[in-house]
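Welcome to a short set of exercises. Take a look at the model below, then work through the tasks one at a time.

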Amino acid sequence: MGIFDGKVAIITGGGKAKSIGYGIAVAYAKEGANLVLTGRNEQKLLDAKEELERLYGIKVLALQADVTPDEESEQRVKEVVRQTVDTFGRIDVLINNAQASASGIPLAIQTKDHFDLGIYSGLYATFYYMRECYPYLKQTQGSVINFASGAGLFGNSGQCSYAAAKEGIRGLSRVAATEWGPDNINVNVVCPLAMTAQLENFKKGYPEAYEKNLKAVPMGRFGDPEKDIGRVCVLLGSPDFKYMSGETLTLEGGMGQRP
């Protein structure tokens with residue numbers, strides 16, 4: 001018996017890859033949750049569906065959906081929520097993990113397109129999903145887990161649109177924790193640092209910079225997407241953590257203690 005048997009979690013950015021989103025999906029699948037996975041790459045979503053259903057005996061709804069600066073994004077989110085409810089009849093946990101950005105571009109030369117990419121894929125996507133899921137989360141007295149970043153907490157160079165989106169998500173989450181507390185919906189934020197395929201590519205391309213970043217982590221390693229990030233998300237969505245709301249957790253191996 002898992003703690004999420006019979007329950008349903010939506011995870012954005014959950015396609016099969018060495019990623020935080022898929023790590024969360026595995027952690028929830030192991031606890032019996034049926035999953036709704038969204039993302040841009042249809043094949044990665046289908047691969048995730050096949051593996052998770054085969055290994056853990058759950059049901060996965062894989063939906064290609066992306067929030068971009070266009071007029072259709074809001075409707076795409078509404079359609080994801082509609083299909084979720086039509087398929088499963090409920091929503092217990094919403095995890096807003098997906099985010100794109102134009103990282104590495106200084107603020108002084110960022111274009112509106114660069115900035116829109118970060119704001120729409122992160123802040124607008126989180127807003128749309130929270131608003132559309134609210135009536136169903138109210139019914140189940142569910143949980144919301146949103147993703148922010150040390151880039152926003154500490155002002156990382158070259159990440160202005162990403163940081164702005166992530167800090168906007170933290171503000172949005174705190175307001176939701178206040179407004180939705182009477183409905184027994186808890187809303188929390190995670191700032192992760194994990195070994196992903198993107199970080200592995202960075203290691204190959206820039207080994208010296210990678211080692212410098214690694215040495216800055218007090219624990220001396222990057223987190224595991226499932227064990228170090230996904231398992232915390234399981235706890236945040238569980239009944240044992242319902243009284244925690246409006247909080248930001250840094251899962252960065254001790255780097256969250258930076259001044």
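**Exercise 1. Which residues of α3 are buried?**

Before solving, two notes on the model. It is a predicted model, in which local features need pLDDT of at least 70, side-chain atom pairs count only at pLDDT 80 or more, and totals for chains, interfaces and linings use all residues. Residues are numbered from 1 along each chain as its sequence is written, and side-chain values use heavy atoms, with hydrogens and water left out.

*Solution.*
- Step 1: Pick out the residues with under 20% relative accessible area, which is what buried means here (exposed is over 50%, partly exposed in between; 1.4 Å probe, protein chains only). In α3 these are S73, V77, V80, V81, T84, V85 and F88.
- Step 2: Look down the axis of α3: the buried residues fall within an arc of 125°, so they line one face of the helix. The arc is taken from the directions between the helix axis and the C-beta atoms.
- Step 3: Recall a general rule: an α-helix has 3.6 residues a turn, so residues three or four places apart point the same way.
- Step 4: See what this face meets. The buried residues of α3 pack against β1 (8-12), β2 (34-39), β3 (60-64) and α4 (112-140). Helices (H or I, at least four residues) and strands (E, at least two) are DSSP runs, numbered from the N terminus.

**Exercise 2. Find the span of α3 from its first C-alpha to its last, and say what follows the helix.**

*Solution.*
- Step 1: Helix α3 covers residues 73-88, which is 16 residues.
- Step 2: The expected span is 1.5 Å times one less than the number of residues. For α3 that gives 22 Å, and the helix reaches 23 Å, close to the expected value.
- Step 3: Move on to G89, just after α3, which takes a positive phi of about 80°.

**Exercise 3. Is S121 buried or exposed, and what does its side chain reach?**

*Solution.*
- Step 1: Locate S121 in helix α4.
- Step 2: With a relative accessible area of 9%, S121 is buried.
- Step 3: Check for polar contacts (pairs of N or O atoms within 3.5 Å; within protein, one must be able to donate a hydrogen and the other to accept it, and residues adjacent in sequence count only if both atoms are side-chain atoms). The side chain of S121 makes one with the side chain of Q99, at 3.2 Å. The S121 side chain also reaches the backbone oxygen of L117 at 2.7 Å.
- Step 4: Setting aside neighbours within four places in sequence, S121 is in contact with V67, A98, Q99, A100 and D116. Contact means heavy atoms within 4.5 Å.

**Exercise 4. Which strands pair with β5, and how covered is β5?**

*Solution.*
- Step 1: Two strands pair if DSSP finds at least two bridges between them. Strand β4 (residues 93-96) runs parallel to β5, joined by 4 bridges, and V144 is the partner of L94.
- Step 2: Strand β6 (residues 186-192) pairs with β5 in the parallel sense over 5 bridges; here F147 is matched with V190.
- Step 3: Of the 5 residues in β5, 5 are buried. S143, I145 and F147 cover one side, with V144 and N146 on the other.
- Step 4: Follow the chain: β4, α4 and β5 make a right-handed β-α-β unit. Right-handed means that, with the strands pointing away from the viewer, the path from the first strand over the helix to the second runs clockwise.
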